[in-house]
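Colleague: I have a chain to learn my way around, and I would love some help. Could we go through it together, one question at a time?

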Amino acid sequence: METDVNTSETLTAMEMDSTNIAQSEHKIKNIDWISCKDFTIDIGEQQIRKYMDTWEIQQPGWLYSLRFLQETELEFKTQYPYEAKWSIPTPTASIPRATASVYFTIEISKIKPNTLPVDVHFLVETNRSKHIPGQTRFREKWLMDVIENKTLLMDTVDF
């Protein structure tokens, strides 16, 4: 029995199925960010915490502290930077040897309507990639890489 099967169509369909499965397993999560007119530094902190709660952190024990850094006025926007410092303290080492920072910036436009949501992006320490909530799926590996690299560096330095 012969069938007319186009191999490239079959492969494309299989690739699409595997892509859809991968996307459904790793859905990019986000929150509803506050409008520019309702923004305060405290609400910004609450929203960042709420957003970080959507991250799929697998290893137990991760803790973070979040602090506001300093407001910056620019010509067309105001920037509000925050630092989330992550670590894994243990019972034997309550003060971790290394931490990994994630730097968030909330931007309030001076030219867009103030009813629009704030613009948010974040950077992981030692990484130049700018991530936008809702467009990037956070990976716990980024934090682990920073901590492992710092630990390796500290092991090579004699104090």
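Colleague: Is Thr126 buried or exposed?

Modeller: Keep in mind that this is a predicted model. Thr126 sits in the loop between E5 and H3. A residue counts as exposed when its relative accessible area is over 50%. Thr126 has 71%, so the word for it is exposed.

Colleague: What is the phi of Thr126 near?

Modeller: Most residues other than glycine have a negative phi. Thr126 is not a glycine, yet its phi is positive, near 70°.

Colleague: Good start! Which pattern does the chain follow along the sequence?

Modeller: Begin with the parts: the chain has three helices and five strands. Put in sequence order, they give the pattern α-α-β-β-β-β-β-α.

Colleague: How many of the 159 residues are buried, as a percentage?

Modeller: To count as buried, a residue must have under 20% relative accessible area. Across the 159 residues of the chain, the buried share is 30%.

Colleague: And among contacts between residues at least 6 apart in sequence, what share joins residues at least 24 apart?

Modeller: Here we set aside contacts between residues less than 6 apart in sequence. Of the contacts that remain, the share joining residues at least 24 apart is 54%.

Colleague: Let's turn to helix H2. What span is expected for it at 1.5 Å a residue?

Modeller: H2 covers residues 41–52, which is twelve residues. From first C-alpha to last, the helix reaches 17 Å. That is close to the expected value, which is 16 Å.

Colleague: How wide an arc do the buried residues of H2 cover around the axis?

Modeller: The buried residues of H2 are Gly44, Gln47, Ile48, Tyr51 and Met52. They lie on the same side of H2, because the arc they cover around the axis is only 135°.

Colleague: Which exposed residues does the face of H2 turned away from its buried side carry?

Modeller: Let's look at both faces. The cover over the buried residues of H2 includes E1, E3, E4 and strand E5. On the face turned away from that buried side, the exposed residues are Asp42 and Gln46.

Colleague: What about Glu45: which residues does it touch, not counting those up to four places away in sequence?

Modeller: Glu45 belongs to helix H2, and at 23% relative accessibility it counts as partly exposed. Its C-alpha is 10.0 Å from that of Tyr80, a residue 35 places away in sequence. Leaving out residues up to four places away, Glu45 touches Leu66 and Tyr82.

Colleague: Is Thr105 buried or exposed?

Modeller: Thr105 is part of strand E4, residues 100–109. Beyond its neighbours within four places in sequence, Thr105 has contacts that include Gln79, Tyr80 and His121. Its relative accessibility is 13%, so Thr105 counts as buried.

Colleague: Now for the salt bridges. How many residues apart in sequence are the parts that Arg67 and Glu83 tie together?

Modeller: The side chains of Arg67 and Glu83 meet in a salt bridge, at 3.0 Å from N to O. Arg67 is in strand E1 and Glu83 in strand E3, so the parts they tie together are apart in sequence by 16 residues.

Colleague: How far apart in sequence are Asp155 and Arg97?

Modeller: These two form a salt bridge as well, with 2.8 Å between N and O. Asp155 is in helix H3 and Arg97 is in the loop between E3 and E4, so the pair links distant parts of the chain, apart by 58 residues.

Colleague: Asp145 and Lys141 are both in helix H3; what is their separation in helical turns?

Modeller: Their side chains meet in a salt bridge of 2.9 Å, N to O. Asp145 is partly exposed at 27%, while Lys141 is exposed at 53%. Because they are four residues apart in H3, their separation is about one helical turn.

Colleague: Last one! How much space lies in the largest cavity?

Modeller: Searching the whole structure turns up one cavity of 30 Å³ or more. Among the residues lining the largest cavity are Lys27, Tyr51, Trp55 and Phe138. The space in the largest cavity is about 70 Å³.

Notes. Residues are numbered from 1 along each chain as its sequence is written. This is a predicted model: local features need pLDDT of at least 70, side-chain atom pairs count only at pLDDT 80 or more; totals for chains, interfaces and linings use all residues. Side-chain values use heavy atoms; hydrogens and water are left out. Helices (H or I, at least four residues) and strands (E, at least two) are DSSP runs, numbered from the N terminus. Buried means under 20% relative accessible area, exposed over 50%, partly exposed in between (1.4 Å probe, protein chains only). Contact means heavy atoms within 4.5 Å. A salt bridge is a side-chain nitrogen of Lys or Arg within 4 Å of a carboxyl oxygen of Asp or Glu. The expected span of a helix is 1.5 Å times one less than its number of residues. The arc is that of the directions from the helix axis to the C-beta atoms. On a 1 Å grid over the protein atoms alone, a cavity is a set of points where a 1.4 Å probe fits but cannot get out, and a pocket is an open set with protein on both sides within 12 Å along at least five of seven lines; lining residues have an atom within 4 Å of a point. Grid points are joined across faces, edges and corners, and a volume is the space filled by probe spheres set on the points.
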